[in-house]
Each structure stands twice: as structure tokens, then as C-alpha cells.
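User: Please examine the following structure and answer a series of questions about it.

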Amino acid sequence: MHDIQKLTVLGTGVLGSQIAYQAAFHGFDVVAYDLTNDAIDGARARMAKLATVYVADEVAGATDKTTAAALDNVRYSTDLADAVSRADLVVEAVPESLEIKRALYEKLATLAPAGTIFATNSSTLLPSDLKNFTGRPDRFLALHYANNVWRQNTAEVMGTTDTDPVVYQAVVNFARRSGLVPIELKKEKAGYVLNSLLVPLLNAAAELLLEGVADPETIDKTWRIATGAPAGPFQIYDVIGLKTAYNVAVASPEPGSQAWAGYLKANYIDKGKLGTATGEGFYNY
Ligand SMILES: NC(=O)c1ccc[n+]([C@@H]2O[C@H](COP(=O)([O-])OP(=O)(O)OC[C@H]3O[C@@H](n4cnc5c(N)ncnc54)[C@H](O)[C@@H]3O)[C@@H](O)[C@H]2O)c1
């Protein structure tokens, strides 16, 4: 199988824009597909912003020139057949809904060339939930980016029992060549490696706070000093965003999660304190 050179990203929202720009910055030919011209305008603006962020964050090799050149590696399309016609790899980053993803894969199955690999960036669905809609379970897997891909540059690669090992390695290589650190999962796992570790930590921190055992500063300080980690769980909450934390809690069947959702709403969301994005959350920024 030849190396992946041409990438198409489906859905150009928060993650899709970052996935497209990260690959473009590393020299890949990228097509960014979304449903409407308005969505494409949003993606253009997000990627133009990323060009400045890469320079400001001192990403290796990022200059005004290289980050502007990366923007030229991205073509935009609202026509799915056109967008995928020459893709070696399609990364799907549409909303986290089984129905939306299913409908898209069913179209994609017939429109994409037979050799094209499909990867989902889904955070909560397993690739097994989607593989039967792709028409090519052997060429389908999950490639999971973290938000702020230029800094938090893990790429978790997770196949199903149907994924061809050659395809899996091609995607691992693509991740590496696009400036990411591939994290190879040997089997499917909800939450991948990262969220399997992170979610229990965040939940335990919430429980300590709600039970009145310790305040956020004390809990964070304990974690930082005793483990050497740079940030504690409430600092991480602020980066993730308290609206996202609230949405996760509301949707969770776990005992205690509704109390946590209520706490976040009353003390933070309703006061416009959403974390680092708004300058205030558990901490002031
Ligand atoms: N936001 C995160 O921090 C994060 C991190 C890792 C993974 N993810 C995953 O990435 C995926 C996208 O999340 P997001 O936060 O970027 O969402 P988002 O809502 O910011 O963007 C979704 C984009 O998909 C577009 N879209 C909707 N239906 C479409 C369709 N049928 N075809 C093409 N485009 C369509 C929307 O117009 C929008 O631009 C989800 O599966 C999510 O689980 C998100």
C-alpha cells in the first residue's frame, strides 16, 4: 500500500479544522468538507487563526511564511463526491451522533474510491458501532485527536477486529508524519487510553469537592506535588471547559453526576464562568 498523501476531513468544526490544518502544516494535500458555505467560512477563519497560534505557541518550524503556506494546502468543498474523489484517507469529525455519522458513512461507502481508508475521530462511539455502515470494515478504524492538536498532540489509533493490520500501520505512519505521537491501542476500549485515565480522576475530584472533603486548590495541590503532574484536576476542568463538563455530567448515568451537573450550573455556568475560555472558572486567568 502506498503512503497516505491526500487527506479529506469531513466536518470542519472545532476538531475538524485543527485536524485539517495540522496535516496541511506538515505538507499533506488536504480537502476540508462541510455542509454549508457558512460552515466553510467558519473553518477558513479558524484555520487562519491557527496559523497565528502555531507561530505564537512556537510550534517547531512555524513561521509567518510556513503557516501561511499551510493554508494554501487546504481546499474547501461542500460536495462530498468531489471532496473524497482522490482521498487516501478520510478523517470524519462530524457531530457526536450515531445517526449523523451513520448517514454520512452510508453515502461515503458508495462515493469514495475502494482504496480510501476511513477513520473516525469519535470520542465516545467505538469503531465497531460504525464499521458496518462503511462498506469497508477492513479499511476503517478510529484516529482520535486531542483538542489543541498542535500542543496536545497524541493520536490514539484504535481498530476493530476487522481492521487490516496494514491499514492500521499506514494510519500510525500518517499520524507520525503529521507531527503527532501515535498511541497504538491493541483492542477497542471506550474512552481510549486518555479518557480511561482522565475521566475517573476528574470524577473523583468532583466527589471530593461535593462531599466537602477539600477545596479545589487543595485537591489540585495534592495531585501536583505528590505526582509531579503539572496540573491538578480542577485546572484540567478549566481547560476542558465547564460547559463541556456540565454536558458530560448531565448525560451520565453514574450516581452523583446529576449533583455535579447542578453544582457546575449554579456556581459557574449561570455566572458565565466557563473556564480558561472566559477567563474564569475554578481559577481566574
Ligand atoms: N471537541 C473536542 O474537544 C473533541 C476532541 C476529540 C474528538 N472530538 C470528536 O470530534 C467530532 C467532532 O467534534 P467537534 O467538537 O469538532 O464538533 P463541532 O460541532 O465543532 O463540528 C462538527 C462539524 O461537522 C459539521 N457537520 C454536521 N453534519 C455533517 C455532515 N453530515 N457532513 C459533514 N459535516 C457535518 C458541522 O457543520 C460542524 O462544522 C466528534 O465525534 C467528537 O467526539 C471532539
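The exchange below covers the model, the ligand site and a set of individual residues.

User: What kind of model is this, and how are residues numbered?

Analyst: This is a predicted model, in which local features need pLDDT of at least 70, side-chain atom pairs count only at pLDDT 80 or more, and totals for chains, interfaces and linings use all residues. Side-chain values use heavy atoms, with hydrogens and water left out, and residues are numbered from 1 along each chain as its sequence is written.

User: What distance separates the centres of domain 1 and domain 2?

Analyst: The domain assignment of the protein chain, where bounds come from an automatic or database assignment, gives domain 1 as 6–185 and domain 2 as 195–278. Taken over C-alpha atoms, the separation of the two centres is 29 Å.

User: Which residues come nearest to the ligand?

Analyst: A residue is near the ligand if one of its heavy atoms lies within 4 Å of it. There are 20 residues around the ligand. By class, they comprise nine nonpolar, eight polar and three charged residues, where Ala, Val, Leu, Ile, Met, Phe, Trp, Tyr, Cys and Pro count as nonpolar, Asp, Glu, Lys and Arg as charged, and the others, Gly among them, as polar. Those that come nearest are Val-14, Leu-15, Asp-34, Glu-96 and Lys-101.

User: Which helices and strand each supply at least two residues of the shell around the ligand?

Analyst: Helices (H or I, at least four residues) and strands (E, at least two) are DSSP runs, numbered from the N terminus. The elements that each supply at least two shell residues are helix H1 (14–25), helix H5 (98–111) and strand E6 (140–145).

User: How much of the ligand's exposed area does the protein bury?

Analyst: Backbone atoms approach ligand oxygen atoms at several points: a polar backbone atom of Leu-15 lies 2.8 Å from one, a backbone N or O atom of Gly-13 lies 3.4 Å from one, and a polar backbone atom of Val-94 is also 3.4 Å from one. Taken alone, the ligand exposes 840 Å² (Shrake-Rupley method, 1.4 Å probe). The part of this area that the protein buries is 74%.

User: Is Gln-22 buried or exposed?

Analyst: Gln-22 is placed in helix H1. Contact means heavy atoms within 4.5 Å, and, not counting residues up to four places away in sequence, Gln-22 touches Tyr-54, Val-149, Trp-150, Ser-178, Gly-179 and Leu-180. Buried means under 20% relative accessible area, exposed over 50% and partly exposed in between (1.4 Å probe, protein chains only). Because its relative accessible area is 3%, Gln-22 is classed as buried.

User: Which side chain forms a polar contact with that of Gln-169?

Analyst: Gln-169 lies in helix H7 (residues 165–177) and counts as partly exposed because its relative accessibility is 35%. A polar contact is a pair of N or O atoms within 3.5 Å; within protein, one must be able to donate a hydrogen and the other to accept it, and residues adjacent in sequence count only if both atoms are side-chain atoms. At 3.4 Å, the partner of the Gln-169 side chain is that of Glu-184.

User: What is the phi value of Asn-148?

Analyst: Asn-148 lies in the loop between E6 and strand E7 (154–159), and it counts as buried because its relative accessibility is 18%. Its phi is positive in a residue other than glycine, with a value near 65 degrees.

User: Where does the side chain of Thr-8 find a backbone oxygen at 2.8 Å?

Analyst: Thr-8 is placed in strand E1 (residues 6–10), and it is buried because its relative accessible area is 1%. The residues that Thr-8 touches include Val-31, Val-84 and Leu-89. The backbone oxygen that lies 2.8 Å from a polar side-chain atom of Thr-8 belongs to Ala-83.

User: What is the length of the polar contact between the side chains of Glu-92 and Thr-120?

Analyst: Glu-92 is found in strand E4 (residues 89–92) and is buried, because its relative accessible area is 0%. Among the residues it touches are Leu-10, Lys-101, Tyr-105 and Thr-120. The side chains of Glu-92 and Thr-120 make a polar contact of 2.5 Å.

User: How far apart in space are Ile-225 and Ser-77?

Analyst: Ile-225 is placed in helix H9 (residues 216–227), and it counts as exposed because its relative accessibility is 69%. Ile-225 and Ser-77 are 148 residues apart in sequence, and their distance in space, C-alpha to C-alpha, is 49 Å.
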